[in-house]
Amino acid sequence: MLFISTSYAQSKTIVGVAAGNENFTTLVAAVKAADLVETLNSEGPFTVFAPVNSAFDALPMGTVDNLLKPESKDALTGILTYHVVAGNYKAGDVINAIKGNNGAFSVKTVQGGSITLSLSGDKVMLKDANGNMATVIMADVAASNGVIHAIDTVVMPK
């Protein structure tokens, strides 16, 4: 079970909130390696579908290590920005958009690709460009420049 303290979240950016949580250490390392700290500390607002450490651990062995290498910066940047949507979309907004669009809502990511949001019972699901699915396991973690929704799988662009 994840626990994310939001007591100081309003004064911290998305990066600050993620850096203060042990469930996002791999994500924070990746954001630093991709030189995205400044971007995700900017005004935004952003909605980040943030993979937890176990999501990165589930990737094939060596994937994360390879992505963190300087020569993989472009690929890493593409993957990370695929998890970011411009705007501040809380869970209620996401659920209303899904219900208002016949059960599925496609959103454009900062990377340029799209993810499709849907519901499975009361859980929000993300489908990436390759058909892989991720589940939102904690929603509405507030930050000064947007919101974080923790997900259980790393989604990948085409």
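Ala, Val, Leu, Ile, Met, Phe, Trp, Tyr, Cys and Pro count as nonpolar here, Asp, Glu, Lys and Arg count as charged, and the others, Gly among them, count as polar. Keep these classes in mind for the hollows described below. The model is predicted.

## The annotated span

The UniProt annotation "domain: FAS1", from an unreviewed entry, covers residues 11-155. Helix makes up 33% of this span and strand 30%. Its end C-alpha atoms lie 28 Å apart.

## Two cavities and a pocket

How many cavities of 30 Å³ or more are there? The count comes to two. The table sets them beside the largest pocket.

| Space | Volume | Lining by class |
|---|---|---|
| Largest cavity | about 140 Å³ | 12 nonpolar, one polar, no charged |
| Second largest cavity | about 30 Å³ | six nonpolar, one polar, no charged |
| Largest pocket | about 170 Å³ | eight nonpolar, one polar, two charged |

Take the largest cavity. Its lining has 13 residues. Nearest its centre lie I14, L27, V31, L40 and V48. Three elements each supply at least two residues of this lining: α1 (14-19), α2 (25-33) and β1 (46-51). The lining has 12 nonpolar residues and one polar residue, with no charged residue.

The second largest cavity is lined by T26, A30, F56, V64, L67, L68 and L76. Here α2 and α5 (63-67) each give at least two residues to the lining. Six of the lining residues are nonpolar, one is polar and none is charged.

The largest pocket has another set of walls. F49, A91, V94, I95, D122, K123, V124, V136, I137, A139 and H149 line this pocket. Among the elements, α7 (91-99), β5 (123-127) and β6 each supply at least two of these residues. Two of the lining residues are charged.

## Helix α2

Helix α2 helps to line the largest cavity, and α2 also helps to line the second largest cavity. Which residues of α2 are buried? They are T26, L27, V28, A30 and V31. L27 and V31 are among the residues nearest the centre of the largest cavity, while T26 and A30 line the second largest cavity.

The buried residues of α2 have many partners. They pack against the helices α1, α3 (37-41), α4 (53-57), α5 and α6 (73-81), and against the strand β1. Just after α2 comes D35, with a positive phi of about 55 degrees.

## Strand β7

Why is β7 described as largely enclosed by the rest of the structure? Strand β7 spans residues 146-151, and six of its six residues are buried, so the rest of the structure largely encloses this strand. Buried means under 20% relative accessible area. Both faces of β7 share this burial. G146, I148 and A150 point one way, V147, H149 and I151 point the other way, and all are buried.

Strand β7 has two pairings to follow. With β1, β7 runs parallel, and six bridges join the two. One example is V48, whose bridge partner in β7 is I148. V48 also lies among the residues nearest the centre of the largest cavity.

Strand β6 (residues 133-143) runs antiparallel to β7, with five bridges between them. V136 has I151 as its bridge partner in β7. A hairpin through two residues joins β6 to β7. V136 and H149 are both found in the lining of the largest pocket.

Definitions and conventions. Residues are numbered from 1 along each chain as its sequence is written. This is a predicted model: local features need pLDDT of at least 70, side-chain atom pairs count only at pLDDT 80 or more; totals for chains, interfaces and linings use all residues. Side-chain values use heavy atoms; hydrogens and water are left out. UniProt positions are given in the numbering used here, feature names are shortened, and annotations may be inferred rather than shown by experiment. Helices (H or I, at least four residues) and strands (E, at least two) are DSSP runs, numbered from the N terminus. On a 1 Å grid over the protein atoms alone, a cavity is a set of points where a 1.4 Å probe fits but cannot get out, and a pocket is an open set with protein on both sides within 12 Å along at least five of seven lines; lining residues have an atom within 4 Å of a point. Grid points are joined across faces, edges and corners, and a volume is the space filled by probe spheres set on the points. Buried means under 20% relative accessible area, exposed over 50%, partly exposed in between (1.4 Å probe, protein chains only). Two strands pair if DSSP finds at least two bridges between them. Contact means heavy atoms within 4.5 Å.
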